[in-house]
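Please look through the sequence and the model that follow, and then read on for a guided walk through a metal site and a pair of helices.

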Amino acid sequence: MTEVATRAAGMPRQSGPADADWSAAVTAVRELAPTGRVLLICHVNPDGDALGSMLGFALGLRRLGVTRLQATFPGGLDVPVPFAELPGLDLLVPEDQAYEDPDLVIVFDVAAESRLGGLVGRLPRAKASVVLDHHASNTRFGGINLVDARAAATSMVCEELLDRLDVPLDVEIAECLYVALATDTGSFKFDMTTPQVHEMAARLIATGIRPGEISRRIFDTRPFGAMKLFGEVLGRAALDPTAAGGHGMVWTYATLDDLDRHQQAPYVLDTLIDPVRTVAEADVSVLVKQLGVDEWAVSLRSKGAVDVSGVAVAMGGGGHRLAAGFTGHGTPGEVVLAVREQLDRFLI
Ligand code: AMP
Ligand code: MN
Ligand code: MN
């Protein structure tokens with residue numbers, strides 16, 4: 001094994017949660033998981049970090065011999081195609097089949113209970129609940145909260161808990177955690193890409209996973225129809241150079257009809273914010289994606305001039321300083337106008 005493949009003894013671990021919280025989590029898993037019902041939950045409309053952290057941890061528990069084990073998330077069990085080959089997906093059950101009275105609940109990448117939908121009631125019924133997360137806005141709704149706002153992804157918290165449980169990384173756990181880490185760092189490009197991120201990536205790659213193949217699958221593959229849809233939605237983008245105190249805002253929207261016309265599933269829009277946020281003349285980018293008649297999922301990104309998590313929280317959502325989101329109502333123009341009005345309040 002290479003030097004980075006193991007955690008050197010005595011090396012300071014990535015700080016964040018208190019030692020007492022790590023110990024409480026380890027004790028809860030050791031006492032409840034071997035014989036009890038264990039339910040793992042990640043956030044609604046799961047992304048790579050939510051699914052990858054949950055499934056990587058699930059595989060770790062399986063290695064510990066845990067047999068009564070389920071993984072789930074609220075809403076329909078639609079796993080976005082890029083994540084449809086993740087190891088551990090066989091553990092996934094629809095929310096209505098998830099243990100009604102689990103002994104242990106572990107929650108991944110969820111900043112607030114609102115992101116748990118109908119599954120929120122499982123937490124108070126369990127003997128213990130553990131929340132693994134990295135959102136600064138986390139409301140600490142678990143019995144035990146392992147929240148590290150300095151971690152680029154929940155999978156970093158997940159790796160540490162597996163380590164403290166003496167579960168070694170294997171190629172399947174590593175693939176899940178790598179997908180999670182690569183997704184939330186935008187392929188190791190975002191500001192949170194610390195030395196610890198690359199050290200963790202090195203440990204994961206040392207197990208034998210194929211980063212090139214994984215990246216192609218999760219970032220660089222989309223149906224032809226999705227490419228045509230992107231072309232149309234990008235073609236209607238508008239630039240507002242005076243927004244955000246002159247730092248500029250670019251925005252566009254995609255409707256359910258757009259998806260229908262190109263025969264695409266909603267997940268293809270998950271990465272559409274990335275070309276939008278390349279616009280040089282705008283610090284802030286906004287993508288408004290239709291969910292229903294009058295309902296829109298709004299993605300916000302900033303390059304550093306605006307704390308978009310503040311904007312998102314003001315609009316009833318949440319997220320990180322430079323990447324956040326909320327659910328909006330009205331027309332796309334009305335939703336964006338409401339965002340524009342908040343931007344000046346959250347200039348950094
Ligand atoms: P997205 O734009 O969907 O990629 O989301 C970016 C970030 O914002 C993620 O960290 C999410 O956790 C957060 N986020 C997105 N939508 C919501 C929402 N409706 N409520 C709370 N947080 C959200
Ligand atoms: Mn997430
Ligand atoms: Mn995350």
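Is Asp109 buried or exposed? Asp109 counts as buried because its relative accessibility is 2%, where buried means under 20% relative accessible area, exposed over 50% and partly exposed in between, with a 1.4 Å probe and protein chains only. This is a predicted model, in which local features need pLDDT of at least 70, side-chain atom pairs count only at pLDDT 80 or more, and totals for chains, interfaces and linings use all residues. Residues are numbered from 1 along each chain as its sequence is written, chains are lettered from A and ligands numbered from 1 in the order in which they are written, and side-chain values use heavy atoms, with hydrogens and water left out.

The manganese ion (ligand 3) has as its protein donors Asp49 (OD), Asp109 (OD), His134 (NE2) and Asp184 (OD), at 2.1 to 2.3 Å; donors are N, O and S atoms within 2.8 Å of the metal (3.2 Å for Na, K and Ca), and sites may look incomplete since water is not among the atoms. Asp109 also coordinates the manganese ion (ligand 2), which lies 3.8 Å from the manganese ion (ligand 3). Asp49, at 0% relative accessibility, likewise counts as buried.

Turning to the helices, Ser155, Met156 and Glu159 in α4 meet Gln196, Val197, Met200 and Arg203 in α6, where contact means heavy atoms within 4.5 Å, and helices are DSSP runs (H or I) of at least four residues, numbered from the N terminus.

Note on methods
Helices (H or I, at least four residues) and strands (E, at least two) are DSSP runs, numbered from the N terminus.
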